[in-house]
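Subject: Handing over the model

Hi,

Here is the structure I promised to pass on to you. Please open it alongside this email, and my notes follow below.

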Amino acid sequence: MSDFEPRPDTCYPKTERSRIRREHHLGSYERADVHAILDASPLCHIGYVIDGAPFVTPTLHWRKGNRVYWHGSVGSRFLRQVDGAPVCVTCSLMDGYVLARSALNHAVNYRSAMLFGTAHVVDSLDEKAEALRDFTDDLFPGRWDSLRPMTEKEVKATSVLWMEVEEATVKVRTGPPNDADESDVPVWAGVLPMRTMLTTAQPAPELPTSIGLPDLLATLIASGRLR
Ligand SMILES: Cc1cc2nc3c(=O)[nH]c(=O)nc-3n(C[C@H](O)[C@H](O)[C@H](O)COP(=O)(O)OP(=O)(O)OC[C@H]3O[C@@H](n4cnc5c(N)ncnc54)[C@H](O)[C@@H]3O)c2cc1C
């Protein structure tokens with residue numbers, strides 16, 4: 001990764017808004033890099049402005065091609081007011097604390113993506129149901145077909161929004177602290193790796209013992225992925 005001119009066929013455009021200035025050697029405009037971080041992190045934060053005041057809302061998201069989707073209750077102020085508005089979506093995964101010999105050189109190993117676009121509400125009930133199916137199966141492959149079907153009332157009570165990704169960037173930091181030149185300082189330095197992961201499944205208390213954990217969920221847990 002470096003301060004290159006992004007290739008138009010594989011990259012998002014480098015614009016005044018998205019040009020990575022700070023530590024640009026950690027950055028990328030590659031669509032594949034952006035999508036990899038979006039897909040690895042189910043959680044995103046969506047920034048928007050209502051009546052001149054900024055808000056940043058954490059929510060789950062999913063991706064279909066170049067579109068990012070998110071959902072919530074029709075009663076959500078965020079979802080009602082953001083239709084047609086510019087939004088900034090960020091996703092970040094922390095991979096480790098980086099401990100250096102001086103306070104200044106401490107850092108974080110991370111993967112993050114920042115995306116820009118305009119939010120739109122999905123109006124059609126059929127498209128909404130289809131999107132909610134994608135959301136469920138994206139998190140838990142094959143689960144939708146095993147569930148009690150969603151009612152029309154439930155679909156109507158749910159908002160789904162989407163955004164075409166217009167510009168997007170990635171920053172990734174890996175590796176040890178950048179202070180090998182201070183190796184004479186007698187203090188521990190290195191990386192404390194960290195990860196968010198699925199652990200042992202906890203069945204609902206009233207779940208009949210005859211219903212075991214589906215293989216697909218067991219595989220997901222074993223994979224170390226979040227979806
Ligand atoms: C988990 C985590 C912890 C961090 N901790 C710190 C910290 O403590 N202090 C600190 O200064 N920085 C931290 N960063 C980096 C921070 O996100 C910014 O990249 C940095 O502060 C520079 O911001 P800027 O607005 O000056 O960047 P600029 O380079 O001016 O931003 C210009 C454009 O670059 C892109 N961009 C900037 N940052 C990112 C990013 N992180 N991911 C993807 N695209 C990006 C965007 O398109 C943005 O519009 C952290 C990042 C992560 C993911």
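A quick word on naming before the notes: helices (H or I, at least four residues) and strands (E, at least two) are DSSP runs, numbered from the N terminus. Please also keep in mind that this is a predicted model.

**Overall picture**

Counted that way, the protein has five helices and 10 strands. Its C-alpha atoms fill a box of roughly 65 × 50 × 35 Å along the principal axes. Of the 227 residues in the protein, 18% are buried. If you take the contacts between residues at least 6 apart in sequence, 71% of them join residues at least 24 apart.

**Helix H1 and the nonpolar core**

I would start your tour at the largest nonpolar core, which has 30 residues. Val34, Ala113 and Leu115 have the most contacts inside this core. Val34 also touches the other two: leaving aside neighbours within four places in sequence, its contacts are Tyr12, Ala113, Leu115, Ala168 and Val170.

Val34 belongs to a group of buried residues in helix H1 (residues 31-40), together with Asp33, Ile37 and Leu38. Why do these residues sit on the same side of H1? They cover an arc of only 135° around the axis, which puts them there together. The buried residues of H1 pack against strand E1 (27-28), strand E4 (62-64), strand E5 (67-73), E6, E7 and E9.

**How the strands pair**

Strand E8 (residues 158-164) is a good one to look at next. Six of its seven residues are buried, so E8 is largely enclosed by the rest of the structure. E8 runs antiparallel to E5, and seven bridges join the two. In E8, Met163 stands opposite Val68. E8 also pairs with E7, again in the antiparallel sense, over three bridges. There, Leu161 of E8 stands opposite Val121.

E9 has two pairings to show you as well. With E7, E9 pairs in the antiparallel sense over seven bridges, and Arg173 in E9 is the bridge partner of Tyr110. With E1, E9 forms an antiparallel pair over two bridges, where Val170 in E9 stands opposite Ser28. Val170 is also one of the contacts of Val34, so to speak of the helix is to come back to E9, since the buried residues of H1 pack against this strand too.**Ser92 in strand E6**

Is Ser92, which is found in strand E6, buried, exposed or partly exposed? With 16 C-beta neighbours inside 10 Å, where buried would take 20 or more and exposed 12 or fewer, Ser92 counts as partly exposed. Leaving aside neighbours within four places in sequence, Ser92 is in contact with Tyr110 and Ser112. Ser92 and Ala113 are 21 residues apart in sequence, and their C-alpha atoms are 6.5 Å apart in space.

**Around the ligand**

Finally, the ligand. Which of the 15 residues around the ligand come nearest? They are Arg21, Arg22, Ser112, Met114 and Lys171. Strand E6 (86-99), strand E7 (107-121) and strand E9 (167-173) are the elements that give two or more residues to this shell. E7 supplies the largest share, five residues. By type, the shell divides into seven nonpolar, four polar and four charged residues. Ser112, one of the nearest residues to the ligand, is also a contact of Ser92.

Happy browsing, and best wishes!

Definitions and conventions: Residues numbered from 1 in each chain as written. Predicted model: local features only at pLDDT ≥ 70, side-chain atom pairs only at ≥ 80, totals over all residues. Near = placed C-beta within 6 Å. Nonpolar A, V, L, I, M, F, W, Y, C, P; charged D, E, K, R; others polar. Contact = placed C-beta atoms within 7 Å. Core = buried A, V, L, I, M, F, W, Y, C linked by C-beta atoms within 7 Å. Arc of directions from axis to C-beta. Pairing = 2+ DSSP bridges.
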